[in-house]
Amino acid sequence: MAGKSAEYKLAIQIAGTIASSFNSSVGAAQSKLSALGKAAGTAMKAAAAASAAATAAVGAFAASSVKTGMEFDSAMSQVAATMGKTVDEVQDLRAFAQEMGATTAFSATQAAEGLNYMALAGYSAEQSMTMLPKVLDLAAAGGMELARASDMVTDAQPALGLTAEQTAAMVDQMAKASSTTNTSVAQLGDAILTIGATGKSAAGGTAELSQVLGILADNGIKGAEGGTHLRNVMLALQAPTDKAAAAMANLGIQAFDSQGNFRDMQGIFSDLQASMDGMTEKQRSDILSTIFNKTDLASVNALLGTTAERWDEVAAAIDNSEGAAAAMAATQLDNLAGDVTLFQSALEGAQIALSDQLTPSLREFVQFGSGALGELTTAFQEGGLDGAMDAMGGILSNGLNLIIGQVPGFTQAGMRLLGALGQGLLDNLPTITSAALTIALMLVDGLVTAFPALTQGGTQMLLQLALGIADAIPELL
């Protein structure tokens, strides 16, 4: 009997251990299930909060879109007014401004402002659309305000007597010169504007102007200062004083070719340098002071001191400058800040598109409100309070009719939105299903991973139960 009792006791101990573990595991599982239930409740609350936040965000985006659209439309109205046209007559310019906003570092509203600068300069719609991309590239490449870049282009074109194609080439030349010499696009623009009409006589046109100004910049003479000195040097060579003409004749220096055209600056200064070879410093100084103004001698010496190789290097770079401004603008956008800029432009485009849908109805409401207030004021002035109340009845009736008339449109828009949402869900159903399946597989994997622990816990619970029975056998017997 004692041996049997010991065996029973051992078996019951084993079963009790199993039962204890199972009980503990069940308790842990219940705790986790409870936590899961709380988590689900929290998730539902979070979903409700997220839905409310999304609704508020949509409303805020719509309001922001209307504001953005108003600013863009106002800018385009200014363009139309400057050109002496109606808003309907500049719809092609409106579409072009939106295109520029979507493809450049500038927004559609900024592009519209650029078009207005063109209109102020007397450009036609076609000329404006041809020139605006170059102005935007110039502003982006030079890190300048759009207004300043527009002024540079629109002022330089008539001053230098350029065609649209020549002006576009000048922008690329300036960009290339700024990356080849020690100057910036903005400084070159200031210099060219300072030279003004004198630059028309440059043998190499705007390419030569950029070349010479770049060389002066290499010697620390930049911006409007460089433009002033180059203008003075050109005038001194083109219209020398009697003493200067005699000095140039003695040296064999010719400022004009056989056809009477002003020679290129590199050729003139190369000849001047060669003619003074072997002279003392005083002799050189006396000759240069006779030909040029004393205030321009630093610039003259800078040009004389530049090697032929450097002259040729700068000229070659500028001769191959087509597309330089656009490439420079693109490079400056090739970073996170540029990505943000492009995103902002794209966002404004989306807002304008939404505003275009909302604006007609909003304008109708606002115009009705303005007319109603005027009608109410007149009625009060003519009929006092009774007249105002009579007018109010008609206004409310008309307002209600206006609202009723707009309801189908808003309803249709809402249904289109729901339809688009449904279609979007259908189009992305494979992705959504895949994500749900992934979550389910993760849950199953977790249960499988936990199964050995649950089994061990059940075994321990059974052992504890058996041990308890074994301890109670004597009393049971």
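Helices make up the regular structure here: the chain has 17 helices and zero strands. Keep in mind that this is a predicted model. Of its 477 residues, 35% count as buried. If you look at contacts between residues with a separation of 6 or more, 73% of them join residues 24 or more positions apart.

**Salt bridges**

How many salt bridges does the chain have? The count comes to seven. Here are some of them, with the closest details worth having at hand.

| Pair | N to O distance | Where the two residues lie |
|---|---|---|
| Arg-94 and Asp-73 | 2.7 Å | helix α2 (residues 91-103) and helix α1 (residues 2-83) |
| Asp-190 and Arg-148 | 2.7 Å | helix α7 (residues 185-195) and helix α5 (residues 146-160) |
| Arg-310 and Glu-313 | 3.1 Å | both in helix α14 (residues 308-319) |

Start with Arg-94 and Asp-73, whose side chains meet in a salt bridge. Arg-94 belongs to α2 and Asp-73 to α1, so this pair ties together parts that are 21 residues apart in sequence. Is Arg-94 buried or exposed? Arg-94 counts as buried, because its relative accessibility is 12% and the cut-off for buried is under 20%. Asp-73 has 24% relative accessibility and counts as partly exposed.

Next comes the bridge between the side chains of Asp-190 and Arg-148. This pair links distant parts of the chain, with Asp-190 in α7 and Arg-148 in α5, 42 residues apart. Both ends can be placed on the accessibility scale: Asp-190 is partly exposed with a relative accessible area of 26%, and Arg-148 is partly exposed at 37%.

The bridge between Arg-310 and Glu-313 stays inside one helix. The two residues sit three apart in α14, about one turn of the helix. Arg-310 counts as buried at 18% relative accessibility, while Glu-313 is partly exposed at 47%. Which residues are linked with Arg-310 in a network of salt bridges? Asp-218 and Glu-313 are, and the three of them form that network.

**Cavities**

Now for the empty space. Rolling a probe the size of a water molecule over the atoms shows where such space is left. Searching the whole structure turns up three cavities of 30 Å³ or more. The largest cavity holds about 40 Å³ of space.

What lines the largest cavity? The residues are Leu-138, Met-152, Val-153, Ala-156, Met-170, Met-174, Gly-189, Ile-192 and Leu-193. At least two lining residues come from each of α5, α6 (164-180) and α7. By residue type, the lining of this cavity splits into eight nonpolar, one polar and no charged. Gly-189 is in that lining, and Gly counts as polar.

The helices α5 and α7 turn up twice in this story: they carry the two ends of the Asp-190 and Arg-148 bridge, and they also supply residues to the lining of the largest cavity.

Leu-193 is one of the lining residues, so it's worth a stop of its own, as 33% relative accessibility makes Leu-193 partly exposed. Leu-193 lies in helix α7. Setting aside residues up to four places away in sequence, Leu-193 touches Met-152, Asp-155 and Ala-156. Met-152 and Ala-156 also appear among the residues that line the largest cavity. On the chain, Leu-193 and Ala-224 are 31 residues apart, yet their C-alpha atoms are 7.9 Å apart in space.

**Two more residues to look at**

Asn-116 lies in helix α3 (residues 108-120). Is Asn-116 buried or exposed? With a relative accessible area of 12%, Asn-116 is buried. Leaving out neighbours within four places in sequence, Asn-116 is in contact with Gln-78, Val-79 and Thr-82. The α1 helix runs over residues 2-83, which means that these three contact residues of Asn-116 fall in α1.

Ser-275 is found in helix α11, which covers residues 265-275. Which backbone oxygen lies 2.7 Å from a polar atom of the Ser-275 side chain? That oxygen belongs to Leu-272. Beyond residues up to four places away in sequence, Ser-275 touches Leu-251 and Ile-253.

Key. Residues are numbered from 1 along each chain as its sequence is written. This is a predicted model: local features need pLDDT of at least 70, side-chain atom pairs count only at pLDDT 80 or more; totals for chains, interfaces and linings use all residues. Side-chain values use heavy atoms; hydrogens and water are left out. A salt bridge is a side-chain nitrogen of Lys or Arg within 4 Å of a carboxyl oxygen of Asp or Glu. Helices (H or I, at least four residues) and strands (E, at least two) are DSSP runs, numbered from the N terminus. Buried means under 20% relative accessible area, exposed over 50%, partly exposed in between (1.4 Å probe, protein chains only). On a 1 Å grid over the protein atoms alone, a cavity is a set of points where a 1.4 Å probe fits but cannot get out, and a pocket is an open set with protein on both sides within 12 Å along at least five of seven lines; lining residues have an atom within 4 Å of a point. Grid points are joined across faces, edges and corners, and a volume is the space filled by probe spheres set on the points. A polar contact is a pair of N or O atoms within 3.5 Å; within protein, one must be able to donate a hydrogen and the other to accept it, and residues adjacent in sequence count only if both atoms are side-chain atoms. Contact means heavy atoms within 4.5 Å.
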